[in-house]
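I opened the file to go through the fold, the sheet and a few single residues. These are my notes, in the order in which I looked things up.

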Amino acid sequence: HYISNSNQKDSTPTDTEKFTPSDILPGIITFKPYQNTDMSWLGSMGIPLLDNPYFTVFLNLIILVVVIIAYICIYKTTGKCVVLTQFIFIFLLAGILCSTIDRVFWGGSIDFIRLDGFFIFDIKDCYLTTFEILFIFGFCKYYKEWNKISLKNLINSLKSDVKR
């Protein structure tokens with residue numbers, strides 16, 4: 001979706017007009033920047049609050065805090081954190097931070113990788129998709145260990161940390 005000022009003379013090009021689409025893999029992947037002002041996929045479907053930038057930034061920050069606390073609690077509960085778990089959290093944190101930065105500084109995200117005939121995305125989406133794949137793989141591989149982690153144990157662990 002490019003903004004066109006073709007009927008206006010001597011106009012300054014918009015940010016998206018400064019870029020020319022270029023094929024990375026012709027007919028498959030194209031570099032084509034697009035200012036996506038929908039705050040989330042569900043927000044683009046018209047779900048109230050999820051299209052509000054202030055709410056989505058607040059939600060991102062809450063999720064960020066919860067993820068960090070969960071990581072600490074999982075480490076404390078299991079006594080170790082395997083490399084896969086670390087990568088899962090790294091990709092999730094990277095996706096959340098990128099999403100928050102996009103919303104605060106750009107009012108949405110700058111999607112720029114287009115799979116022709118499908119959709120357009122950015123690096124944040126790659127981070128979050130990698131997180132999802134690793135999480136499913138990790139859940140299958142470490143199901144017994146992860147199943148030992150209960151909400152009750154996590155809350156008790158947090159309480160003991162707060163008391164210290």
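Before counting, I fixed the term: a residue is buried when its relative accessible area is under 20%, exposed when that area is over 50%, and partly exposed in between. By this cut-off, 26% of the 164 residues of the chain count as buried. I note that the model is a predicted one.

**Entry: the chain as a whole.** I looked up the elements and found six helices and four strands. Read from the N terminus, their order is β-β-α-α-α-β-β-α-α-α. I then checked the surface: the chain exposes about 11300 Å², and carbon and sulfur atoms supply 67% of that area. For contacts with a separation of 6 or more, I found that 58% are between residues 24 or more positions apart.

**Entry: the sheet.** In which order do the four strands of the open sheet lie? I read the order as β1-β2-β3-β4, and the pairing is antiparallel. The edges are β1 (22–25) and β4 (119–121), each of which pairs on one side only. On average, neighbouring strands of this sheet are turned by 45° against each other, direction ignored.

I went through the pairs one by one.

- β1 and β2 (residues 29–36) are antiparallel and share three bridges. Here I picked out Leu 25, whose bridge partner in β2 is Ile 29.
- β2 and β3 also run antiparallel, and six bridges join them. Gln 35 has Ile 110 in β3 as its bridge partner.
- β3 and β4 pair over three bridges, again in the antiparallel sense. For Ile 113 the bridge partner is Phe 121 in β4.

**Entry: the hairpin.** I looked at the link between β3 and β4, which form a hairpin with three residues between them. Gly 117 sits in this loop and has a positive phi of about 85°. Is Gly 117 buried or exposed? Its relative accessible area is 79%, which is over 50%, so Gly 117 counts as exposed. I also took a distance across the sequence: Gly 117 and Ile 28 are 89 residues apart along the chain, yet their C-alpha atoms are separated by 8.3 Å.

**Entry: helix α4.** I traced helix α4 (residues 123–141) and found that it lies across β3 (109–115) and β4. The helix runs at about 75° to β3. I chose Thr 129, which belongs to helix α4, for a closer check. Thr 129 has a relative accessibility of 39%, a value between the 20% and 50% limits, and therefore I log Thr 129 as partly exposed. The C-alpha atom of Thr 129 is 8.6 Å from that of Phe 91, and the two residues are 38 residues apart along the chain.

**Entry: a nonpolar patch.** Which residues make the nonpolar surface patch of about 550 Å²? I listed Leu 97, Ile 101, Val 104, Phe 105 and Trp 106. I followed up on one of them, Phe 105, and placed it in helix α3 (residues 83–106). Why does Phe 105 count as exposed? Its relative accessible area is 64%, and because this is over 50%, I entered Phe 105 as exposed.

Notes
Residues are numbered from 1 along each chain as its sequence is written. This is a predicted model: local features need pLDDT of at least 70, side-chain atom pairs count only at pLDDT 80 or more; totals for chains, interfaces and linings use all residues. Side-chain values use heavy atoms; hydrogens and water are left out. Patches are made of residues with over 30% relative accessible area and no salt bridge: like charges are joined within 9 Å, nonpolar side chains (Val, Leu, Ile, Met, Phe, Trp, Tyr) within 5 Å. Accessible areas come from the Shrake-Rupley method with a 1.4 Å probe; for residues, only the protein chains shown count as cover. A salt bridge is a side-chain nitrogen of Lys or Arg within 4 Å of a carboxyl oxygen of Asp or Glu. Helices (H or I, at least four residues) and strands (E, at least two) are DSSP runs, numbered from the N terminus. Buried means under 20% relative accessible area, exposed over 50%, partly exposed in between (1.4 Å probe, protein chains only). Two strands pair if DSSP finds at least two bridges between them. Axes are lines fitted to C-alpha atoms, for helices over the stretch in contact, and angles run from 0 to 180 degrees between N-to-C directions. Contact means heavy atoms within 4.5 Å.
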